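Visitor: I should be grateful for a close look at a single strand of this model, followed by an account of how the remaining parts are arranged around their sheets, rings and open space.

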Amino acid sequence: MPSAHIELDARAVIAPLRRRIFGSFVEHLGRCVYDGIYEPGHPSANEDGFRLDVVELVKELGSTTIRYPGGNFVSGFRWEDSVGPREKRPVRRDLAWHSLETNQVGLDEFAKWLKLTDSELMLAVNVATRGILPALDLLEYANHPGGTALSDLRIANGAREPHDVRMWCLGNEMDGSWQTGFMTAEDYGKIAARTAAAMKMADKDLELVVCGSSGSAISTFGDWERTVLEHSYDYVDYISCHAYYQELEGDLGSFLASAIDMDYFIDTVVATADHVGYKKRSSKKINVSFDEWNVWYLTEHKKAEETNDEWRYAPRQLEDVYTVADAVVVGNLLMTLLKHSDRVTSASLAQLVNVIAPIMTEPGGPAWRQTTFYPFSITSRLASGEVIRPIIHAPEYDTAQHGQASLVDAVATVDEQRAAVFLVNRHLTEPTHVTIDLRSLGCSRVAEAVTLSDSDVHAKNTIDDQNRVTPIANASAVLAEGVLTIELPPVSWSAIALD
Ligand code: AHR
C-alpha cells in the first residue's frame with residue numbers, strides 16, 4: 001500500500017478562512033431558477049413560489065455568497081424587465097442559452113429567496129450590451145434607501161429595505177467569443193474602468209469584480225488580465241477566474257489532478273495583477289474572485305447545443321449527473337481555493353440547482369443531493385479559523401495533462417477550539433496510508449472522520465437512487481500522541497474534524 005506523511009504546523013497560516021470562498025451561483029439558465037428554486041404549485045413551495053425543500057438543501061450545502069443572474073445570460077439582460085408587477089413583465093429571448101425568459105423571478109424576488117437561505121447577493125451588471133447608466137440605475141434601485149426615483153420604485157414594488165449589495169461583477173466572460181457583445185481586452189478594460197468609477201461615485205465601498213479570463217487555456221490568458229487591469233486597477237477590487245474540468249477520453253489520472261491547473265491559474269493571475277500594481281506604484285492589491293468553478297462535461301453540452309433550435313421555457317440544459325470521481329475533484333478544487341485564501345477571497349461553485357449543480361430537482365417531485373454536494377457541504381461546515389499550509393510527502397504519478405501529480409493532496413484549518421483536515425487520494429486502484437503530524441495543533445480527539453469513495457468511481461445519485469453515493473464514517477482514523485493515521489480508499493475525498 002502506498003503511504004504519505006503530512007506535517008501540519010499551526011504557525012504556517014496562509015490566511016483567515018474567508019467564508020465567501022463557499023459562494024455559489026444562480027443563473028437564469030435551463031432549470032436553475034424556473035423548476036429549480038422557483039416552482040409555484042410544488043407541494044413544498046411557499047407563498048412566493050419558492051421550493052422550501054430546495055431551500056433546506058441550499059442551507060445544508062452551506063453556500064454563502066450567491067452570484068446572480070448570470071453568467072452568459074447577463075450580457076443580454078435588461079434588469080428593468082424583471083421588477084414590478086409580474087403580469088407586466090415581458091417575455092424575452094435569451095440568446096446566450098437560446099431559450100425564453102419570462103422574468104417572473106427578478107431582483108426583488110431573488111433577494112427574498114436569499115433571506116430564506118441566509119446568503120449574500122453578488123450581482124452582475126450587463127456591461128456587454130448596455131452601458132454605464134443602466135448599471136447606475138440598477139445600483140440605485142438595489143441599494144439606495146429611498147427618496148429617489150428608482151429607490152422609490154423598489155419600495156413601491158414591495159421591497160422597503162435596500163438590498164445593500166456589496167459585491168458587483170462588471171459583466172461576465174468578456175473575453176469569450178460566445179459572449180453576447182464580447183470585447184477585446186482594451187475595449188473591455190476601458191468600459192470596465194469607467195463603469196466602476198461611476199459606481200464608486202455612488203458608493204465608494206462597493207466591491208467590484210472585473211472580468212478575468214474564462215479559462216487558463218484561452219489564448220488571451222495573461223495578456224487579458226494585464227491589459228484589463230492596466231485600465232481598471234484603480235477602480236476595481238477583484239479580478240475573476242473561471243474554470244471547468246472534466247474527465248476526457250477516460251484519462252481519470254489527469255482529471256483527478258485538475259487542481260494543479262487551478263493552482264497555476266491562480267498563481268499566474270495573482271502575479272499578473274501584482275505586476276500591474278507594481279508598475280503603477282500602487283499599494284493596493286487586487287484579489288481573486290474565482291466566481292465560476294466546477295466539473296462540467298462541456299463537450300457533451302456542445303454536442304447537444306447543435307440540435308437545440310427551438311425557443312423553450314426553462315429547458316433541461318447542462319444537467320450533468322456527477323460521479324464519485326467528479327466529487328473527489330470538486331473537493332480537491334475547493335481545497336485549492338482554501339490554500340490560496342490569502343488572495344482568493346471570494347469564489348462561486350457554478351452552479352447551484354439543476355444546472356451543473358450539487359442539487360437536483362424534478363417538477364412536482366423530489367430534490368436530492370448529487371455526489372458533489374458532499375465535499376462542499378462538509379468543508380463549509382467543518383472549516384473554521386485560519387487556513388494552514390501542509391507539508392506533504394507523498395509519491396507522485398505521471399499525468400498526460402498536468403505533468404507530475406502528488407498522489408495525496410491536503411489542506412487544514414485551525415481555530416481555538418477545533419481543527420479540520422481535508423484530504424484526497426488520487427490513486428486509481430489502491431488505498432493510501434497517511435500519517436499526519438499535528439502535534440502543534442493541540443487536538444486530542446477525532447470528532448468526525450468521513451470519506452467519499454465507491455468501488456465504482458463512476459457511481460452517481462439519480463432520481464431513482466438518490467442515496468447511491470453518500471459519505472461514510474472512516475473508522476481507520478486514529479489520533480495518538482498528536483499523530484493522526486488514516487487509510488484513504490482509492491479515488492476518495494475525506495474530512496477529519498478534531499478537537
Ligand atoms: O456556468 C455556465 C456558463 O459557463 C456561464 O453562464 C458562463 O459564464 C460560463 O461560460
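Guide: In this predicted model, strand β18 (residues 396–399) has side chains that alternate between two faces. Tyr 397 and Thr 399 point to one face and are buried, whereas Glu 396 and Asp 398 point to the other and are not buried. The partner of β18 is strand β19 (residues 403–406), to which β18 is joined by four bridges in the antiparallel sense. Within this pairing, Tyr 397 stands opposite Ala 405 of β19. Three residues lie between β18 and β19, and the two strands form a hairpin.

Strand β17 (391–393) belongs to an open sheet of five strands, ordered β17-β1-β22-β26-β25 and mixed in its pairing. Both β17 and β25 (478–480) stand at the edges with a single partner strand each, so one side of each has no neighbour in the sheet. On average, neighbouring strands of this open sheet are turned by 20° against each other, direction ignored. The partnership of β17 with strand β1 (residues 3–7) is antiparallel and extends over three bridges. Ile 391 in β17 is the bridge partner of Glu 7.

A second arrangement of strands is closed. Eight strands form a barrel with parallel pairing, in the order β3-β4-β7-β8-β9-β10-β11-β13. Here the average turn between neighbouring strands is 30°, direction ignored. Strands β7 (residues 120–125) and β8 (residues 167–170) run parallel and are joined by four bridges. One contact is that of Val 125, whose bridge partner in β8 is Leu 170.

The aromatic residues add further links. The structure holds 14 aromatic pairs. In one of them, the ring centres of Tyr 34 and Tyr 38 are 6.1 Å apart and the planes stand at 80°, so this pair is edge-to-face. Tyr 34 is buried at 13% relative accessibility, and Tyr 38 is buried at 11%. Tyr 68 and Phe 110 form a stacked pair, with 3.9 Å from centre to centre and 5° between the planes. Since Tyr 68 lies in strand β4 (residues 65–68) and Phe 110 in helix α2 (residues 107–117), this pair ties together parts that are 42 residues apart in sequence. Tyr 68 has a relative accessible area of 3% and is buried; Phe 110 is also buried, at 0% relative accessibility. Elsewhere, ring pairs link Phe 221, Tyr 264, Phe 265 and Phe 290 into a cluster.

Charged groups also sit over rings. The charged end of Arg 67 is placed over the ring of Phe 25, at 4.7 Å from the ring centre. That of Arg 93 sits over the ring of Trp 311, at 5.3 Å from the ring centre.

There remains the open space. The largest pocket contains about 900 Å³. Its lining comprises 36 residues, of which Trp 178, Ser 214, Tyr 244, Leu 298 and Lys 302 lie nearest the centre of the pocket. The elements β10 (238–245), α7 (252–256) and α9 (298–305) each supply at least two residues of this lining. Strand β10 is also one of the strands of the barrel.

Terms used. Residues are numbered from 1 along each chain as its sequence is written. This is a predicted model: local features need pLDDT of at least 70, side-chain atom pairs count only at pLDDT 80 or more; totals for chains, interfaces and linings use all residues. Side-chain values use heavy atoms; hydrogens and water are left out. Rings of Phe, Tyr and Trp (its six-membered ring) pair if their centres lie within 6.5 Å; planes under 30 degrees apart count as stacked, over 60 as edge-to-face and the rest as tilted. Buried means under 20% relative accessible area, exposed over 50%, partly exposed in between (1.4 Å probe, protein chains only). A charge sits over a ring if NZ of Lys or CZ of Arg is within 6 Å of the ring centre and within 35 degrees of the ring normal. Two strands pair if DSSP finds at least two bridges between them. Axes are lines fitted to C-alpha atoms, for helices over the stretch in contact, and angles run from 0 to 180 degrees between N-to-C directions. On a 1 Å grid over the protein atoms alone, a cavity is a set of points where a 1.4 Å probe fits but cannot get out, and a pocket is an open set with protein on both sides within 12 Å along at least five of seven lines; lining residues have an atom within 4 Å of a point. Grid points are joined across faces, edges and corners, and a volume is the space filled by probe spheres set on the points.
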